[in-house]
Amino acid sequence: MSTPDEQAEIRDRASNDPFCDHVGIELADFGEGYAETTLTLDEDHLNFHGTPHGGVIYTLADAAFAAASNSHGDAAFALETNISYLAAAEVGDTIRAVAEETHLGGRTAEYEVVVSDDAGDRIATFRGRVYKPGR
């Protein structure tokens, strides 16, 4: 379990990720084993079909996964991830990724991230597993 100071430091680092800033991703909520990120889609997030690029959806989910998996104060390194794309969102939508810890073992942990649109409809499901060498 992390201390309040460690939680504040982790939240600060996750909130100031340079790549997330570049893409427009914000850390909306954060706690032990949990994180929520948001992104308002604009024209720059579209692929050549005119729908949000899969990489943008993945990046939003991965940012939530990273914050949640590092939330205990131990460094966490991704071992594997996968994503299932279920539907497309629209320009102007604020999409949300909610990461929840589904397993915390000795040196590994597992997370599920649900990505949804403004209406709360699921647009993707991301799953990831991390290695925590310091545990």
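User: Hello! Where do I start with this structure: how much accessible surface does the protein have, and what share of that surface belongs to carbon and sulfur atoms?

Analyst: Welcome! The accessible surface comes to about 7100 Å², and carbon and sulfur atoms make up 47% of that area. Please keep in mind that this is a predicted model. As for the inside, 40% of the 135 residues count as buried.

User: Which helices and strands should I look for, and in what pattern do they follow along the sequence?

Analyst: You should find three helices and six strands. Going along the sequence, the pattern reads α-α-β-β-α-β-β-β-β. The radius of gyration is 15 Å, close to the 14 Å that the globule rule gives for 135 residues, so the protein is as compact as a globular protein of that length. If you would like its extents, the C-alpha trace spans about 45 × 25 × 25 Å along the principal axes.

User: What share of the contacts joins residues 24 or more positions apart?

Analyst: Among contacts with a separation of 6 or more, 63% are between residues 24 or more positions apart.

User: Now the interior. Which residues touch the most other members of the largest nonpolar core?

Analyst: The general idea comes first: in soluble globular proteins, nonpolar side chains tend to be buried together. Here the largest nonpolar core has 32 residues, and those that touch the most other members are Ile25, Leu39, Ile57, Leu60, Ile95, Val113 and Val115. At least two core residues come from each of these elements: helix H2 (18-23), strand S1 (26-31), S2, helix H3 (54-69), S4, strand S5 (108-116) and S6. H3 gives the largest share, nine residues.

User: Could we zoom in on one of them? Which residues is Ile25 in contact with, leaving aside its neighbours within four places in sequence?

Analyst: With those neighbours left aside, Ile25 is in contact with Cys20, Thr37, Thr38, Leu39, Thr59, Leu60 and Ala63. Two of these partners, Leu39 and Leu60, are also in the group that touches the most other core members.

User: Next, charges. How many salt bridges does the structure hold?

Analyst: Side chains of opposite charge can pair when their charged atoms come close. This structure holds two salt bridges. In one of them, the side chains of Arg96 and Glu36 meet, at 2.4 Å from N to O. This pair links distant parts of the chain, with Arg96 in strand S4 (residues 94-104) and Glu36 in strand S2 (residues 34-40), 60 residues apart.

User: Is Glu36 buried or exposed?

Analyst: Glu36 counts as buried because its relative accessibility is 12%, and the cut-off for buried is under 20%. Its partner Arg96 is partly exposed, with a relative accessible area of 31%. Apart from neighbours within four places in sequence, Glu36 is in contact with Glu26, Leu27, Ala28, Asp29, Arg96, Ala97 and Val98.

User: I see Glu26 in that list. Where does Glu26 lie, and is it buried or exposed?

Analyst: Glu26 lies in strand S1. With a relative accessible area of 54%, Glu26 is exposed. Not counting residues up to four places away in sequence, Glu26 touches Glu36, Thr37 and Thr38. You can also follow Glu26 to Asn16: the two are 10 residues apart in sequence and 8.8 Å apart in space, C-alpha to C-alpha.

User: And which residue forms a salt bridge with Glu80?

Analyst: That is Arg129, with the closest N and O atoms 2.8 Å apart. This pair also links distant parts of the chain: Arg129 sits in strand S6 and Glu80 in strand S3 (residues 77-85), 49 residues apart. Arg129 is partly exposed at 30% relative accessible area, and Glu80 is partly exposed as well, at 44%.

User: Last stop, the outside. Which residues form a nonpolar patch on the surface?

Analyst: Look for Phe77, Leu79 and Tyr131, which together have about 290 Å² of accessible area. Tyr131 belongs to strand S6 (residues 122-131). Its relative accessible area is 32%, so Tyr131 counts as partly exposed.

User: For practice, where is Asp62 found?

Analyst: Asp62 is found in helix H3. At 28% relative accessibility, Asp62 counts as partly exposed. From there you can trace to Ala76, which is 14 residues from Asp62 in sequence and 13 Å away in space, C-alpha to C-alpha.

Definitions and conventions. Residues numbered from 1 in each chain as written. Predicted model: local features only at pLDDT ≥ 70, side-chain atom pairs only at ≥ 80, totals over all residues. Heavy atoms only, no water. Patch = residues over 30% accessible without salt bridge, like charges linked within 9 Å, V, L, I, M, F, W, Y side chains within 5 Å. Areas by Shrake-Rupley, 256 points an atom, 1.4 Å probe, with all protein chains shown as cover. Salt bridge = Lys/Arg side-chain N within 4 Å of Asp/Glu carboxyl O. Helix = DSSP H or I, 4+ residues; strand = E, 2+ residues; numbered from the N terminus. Buried < 20%, exposed > 50% of the residue type's maximum accessible area, 1.4 Å probe, protein only. Core = buried A, V, L, I, M, F, W, Y, C linked by side-chain atoms within 4.5 Å. Contact = heavy atoms within 4.5 Å. Rg over C-alpha atoms; globule rule 2.2 N^0.38 Å.
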